[in-house]
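Biologist: I'm new to this, so could we walk through one protein together? Show me the sequence and the model, please.

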Amino acid sequence: MGFFVPITPFIGVVFAYINRRNSDPGLRTHYDAAITTFWVTLILGFIGGILTWILIGFPILFFLAIWTIWRSVRGMMKASSRRPMWPVYYVPV
């Protein structure tokens, strides 16, 4: 959705920051992955946008879009089956 409505990633990351403290460890992995995806996409998108004037930015932005879509789809598939994004080794008491 963030490719079409640019404000939605900002709303999503705020939602993830607010809700990750009160969630179970499996769901927390999804919030952490969403936060990481947001920041990596924002920073590399900015760098790729700046580098488009020397044509290196276009492949960076292309692969960044593919990576972002892949992470989003993978996260949605795991969340719908109630599986964590990665193994949870530490369970807070």
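Biologist: How many helices and strands does the protein chain have?

Modeller: Heads up, this is a predicted model, where local features need pLDDT of at least 70, side-chain atom pairs count only at pLDDT 80 or more, and totals for chains, interfaces and linings use all residues. Residues are numbered from 1 along each chain as its sequence is written, and side-chain values use heavy atoms, leaving out hydrogens and water. Helices (H or I, at least four residues) and strands (E, at least two) are DSSP runs, numbered from the N terminus. Going from that end, the order is α-α-α, so by that definition the count is three helices and zero strands.

Biologist: What percentage of the residues of the protein chain count as buried?

Modeller: Buried means under 20% relative accessible area, using a 1.4 Å probe and protein chains only. The chain has 93 residues, and the buried part is 22%.

Biologist: Which element gives the largest share of the largest nonpolar core?

Modeller: A nonpolar core is a set of buried Ala, Val, Leu, Ile, Met, Phe, Trp, Tyr and Cys residues joined through side-chain atoms within 4.5 Å. Here the largest one has five members: Val13, Ala16, Tyr31, Ile35 and Phe38. Both α1 (8–19) and α2 (25–51) chip in at least two residues each. With three residues, the largest share comes from α2.

Biologist: Which residues does Phe38 touch, not counting those up to four places away in sequence?

Modeller: Touching is a contact, meaning heavy atoms within 4.5 Å. Phe38 belongs to that five-residue core. Leaving out sequence neighbours up to four places away, its partners are Pro9, Phe10 and Val13.

Methods:
Buried < 20%, exposed > 50% of the residue type's maximum accessible area, 1.4 Å probe, protein only.
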